[in-house]
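I am opening a notebook on this structure. Entries follow in the order I looked things up.

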Amino acid sequence: MNLEPLTAVSPLDGRYRSRVAHLAEHVSEFALIRYRVRVEVEWFVFLAGLDEVAELPPVDAATQEQLHAIWRDFSRQDAAAVRAIEARTNHDVKAVEYFVKDKVASIRGLAPHIEFVHFACTSEDINNLAYALMLSAVREQALLRPMRELAGTIGQLGESLADVPMLARTHGQAASPTTVGKELANVAARLRGHIGKLADVALCAKMNGAVGNYNAHLVAFPEVDWPARAREFVEGLALAFNPYTTQIEPHDYIAEFCHAVMRFNQTLLDFDRDIWGYIALGYFRQRKVEGETGSSTMPHKVNPIDFENSEGNLGIANALLGHLADKLPVSRWQRDLSDSTVLRSIGPAFGHCAVAYASAERGIGKLEVDTERLAADLDQSWEVLSEAVQTVLRALGGKEPYEALKALTRGRRLDREVYLGLLAGLDLTEQQRERLAALTPATYIGAAERLARQAAAPQVVVREVAWSDCAKILRAIREEVFIREQDVPVEEEWDGRDDDSRHFLAESDGRPVGTARLLASGQIGRMAVQQPARGRGIGRLLLDAAVKAARQGDYPEIFLEAQTHAVEFYRKAGFRPEGPTFMEAGIPHQRMTLD
């Protein structure tokens, strides 16, 4: 059979292909080969820039661009060519090396130097960097974004239902009331905590040869400080350098990465089951989708299939992630190959995450709260006010108030009349009696509404991102703000400097809303925030992130060219105007330098 969705062995490539197709760019065999090609090319370019390696002359900017194009323009035909070479070599990384050598040899002046491709490298030098780059892209594009969107969706629903009272249930029994929004806000807050932990995992890599000691490097070029140069190379790829390894980077960070995703998944699974239960209780209804069938035999049913699908896929994802976390940090002596096949299951693990997140998001979109059912449940549970009564008695110094209320209420169903009668027989002040008599199960919600609104506030995150990973997103924001809104000419906006710049992305609940750029000269620019997100301090957060990065770098000065209407904004951030105003893209600007 030809491979197609109906004949695929895995449901990820079959039934759920539409939900995981975006992952192919990052975790497919094609993607892994492309990441390997990128590492081989970048290492060659890096070596060409070392003065100590005189045998490999420096390459000019135009030649560098041709080299970078080998991986940037990598196609499916190129991947097929690599696989054809692998059929001869029976070694996947060696096939990549030969492919890159052929490509480098075709560039004018480089044919005599192709043996510097894969120079002093073991296969794992290429692999560990490829997987680290893969995880970086997956985290940014396929995990953090839908995770933040889910947390934001749950938080927004929580805010809209912040004041809707609901009977809480501890041990499955009626308990002190809460609000629907507060329970949703609890989940949003937990998810955001896990997201922060995942975002903070340092993605580690090494470039130190066959057993981690730079043996071959030092024999060939003993005058080079190879540990320092390896650090420079790895950190130049926006990864964390691990100086102490065997042949393989030990994968401890991958275990940490997997555990962070698992904790998010487990919280989402808890949410899926709770919502399933609330639907069963009638607290939530599900909007009907025209044409959908709930049951093959019972026409009335609208089943909570999205939450069930999410729960099932989260279980599979966590089983795979758990094995990755357990297995990958273990390798016999200086290296065994058992991690190689396991690493290839990164894609399926994150694929099941993607299906689960999409299902949960879809399910949330169908929910409608049933306030009448919630109110009826509360009105049948006046006994929950016994907590309030016994606590007031404690405050008044009453004798064994808990025990007294326990004897009066435990195992009994109270209604309003019985509750008021109970109050009449207690030793209370008139003021306290009136306060307690005014309570109902629906109003006994404490600070739930306020807490729900606080926790549901949109979360804004600003991160430094690689242009190679996020160009599509950054371009979309700038096109909207500069080209369409401000009529900046296309050729002026795309000035060819983005590849060599540092970029910052602002997201509100996982949705991209703003960007900024830092040039090698120390100039901060391309500050753009989408119109709906303005007025929330996002521009200042972007500016602060760029300034912080500039302060930590080796820049001769930190400056920007502000549109004149924004001069006061930048002045408040510590920038001072310099020189006359000037026109750029038809807009008046002012040069400003940071004190």
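**Entry 1: the sheet**

I note first that the model is predicted. I began with an open sheet of seven strands, in which the pairing is mixed. I read its order as S7-S8-S9-S10-S11-S13-S12. Which strands sit at the edges? I found S7 (460–465) and S12 (575–584) there, each pairing on one side only. I also looked up the turn between neighbouring strands of this sheet: it averages 25 degrees, with direction ignored.

**Entry 2: around S13**

Next I took S13, residues 587–594. With S11 (residues 559–563), S13 pairs in the antiparallel sense, and I count five bridges. I looked for the bridge partner of glutamine 563 and found histidine 589 in S13.

How many bridges join S12 to S13? The answer is seven, and the two strands run antiparallel. Here histidine 589 turns up again, this time opposite phenylalanine 582. S12 and S13 form a hairpin, and two residues lie between them. In the turn I checked alanine 585, which has a positive phi of about 55 degrees.

**Entry 3: the second largest pocket**

I moved on to open space. The second largest pocket holds about 890 Å³. I list 37 residues in its lining. Which of them are closest to the centre? They are Phe482, Arg526, Met527, Gln563 and Tyr570. Gln563 is the S11 residue I had already noted as partner of histidine 589.

I then sorted the lining by element. Those giving two or more residues are helices H21 (467–485), H22 (490–493), H23 (538–552) and H24 (567–572), along with strands S10 (523–529), S11 and S13. S10 gives the largest share, seven residues. By class, I get 17 nonpolar, nine polar and eleven charged residues in this lining.

**Entry 4: the cavity**

Rolling a probe the size of a water molecule over the atoms shows where empty space is left. I asked how many cavities of 30 Å³ or more there are. The count comes to one. The largest cavity has a volume of about 40 Å³.

I wrote down its lining: Glu124, Asn128, Tyr131, Cys204, Glu249, His251, Tyr253, Ile254 and Leu343. Helix H7 (123–160) and H11 are the elements that give two or more residues to it. H7 has the largest share, with three residues. I class the lining as five nonpolar, two polar and two charged residues.

**Entry 5: helix packing**

Two packed helices are described by the angle between their axes and the distance between the axes. I looked up two pairs.

For H7 with H8 (residues 180–200), I have an angle of about 160 degrees and axes 7 Å apart. Angles over 145 degrees count as roughly antiparallel, so H7 is roughly antiparallel to H8. H7 passes H8 in a left-handed crossing.

For H11 (residues 252–281) with H12 (residues 305–327), the angle is about 160 degrees and the axes are 9 Å apart. Therefore I enter H11 and H12 as roughly antiparallel to each other. Which hand does the crossing of H11 and H12 have? It is left-handed. In the contact of H11 with H12 I find 16 nonpolar, seven polar and four charged residues.

Definitions and conventions:
Residues are numbered from 1 along each chain as its sequence is written. This is a predicted model: local features need pLDDT of at least 70, side-chain atom pairs count only at pLDDT 80 or more; totals for chains, interfaces and linings use all residues. Side-chain values use heavy atoms; hydrogens and water are left out. Axes are lines fitted to C-alpha atoms, for helices over the stretch in contact, and angles run from 0 to 180 degrees between N-to-C directions. Helices (H or I, at least four residues) and strands (E, at least two) are DSSP runs, numbered from the N terminus. Angles under 35 degrees count as roughly parallel, over 145 as roughly antiparallel, 65 to 115 as roughly perpendicular and the rest as oblique. A crossing is left-handed if the near helix is turned anticlockwise from the far one by less than a right angle, and right-handed if clockwise. Ala, Val, Leu, Ile, Met, Phe, Trp, Tyr, Cys and Pro count as nonpolar, Asp, Glu, Lys and Arg as charged, and the others, Gly among them, as polar. On a 1 Å grid over the protein atoms alone, a cavity is a set of points where a 1.4 Å probe fits but cannot get out, and a pocket is an open set with protein on both sides within 12 Å along at least five of seven lines; lining residues have an atom within 4 Å of a point. Grid points are joined across faces, edges and corners, and a volume is the space filled by probe spheres set on the points. Two strands pair if DSSP finds at least two bridges between them.
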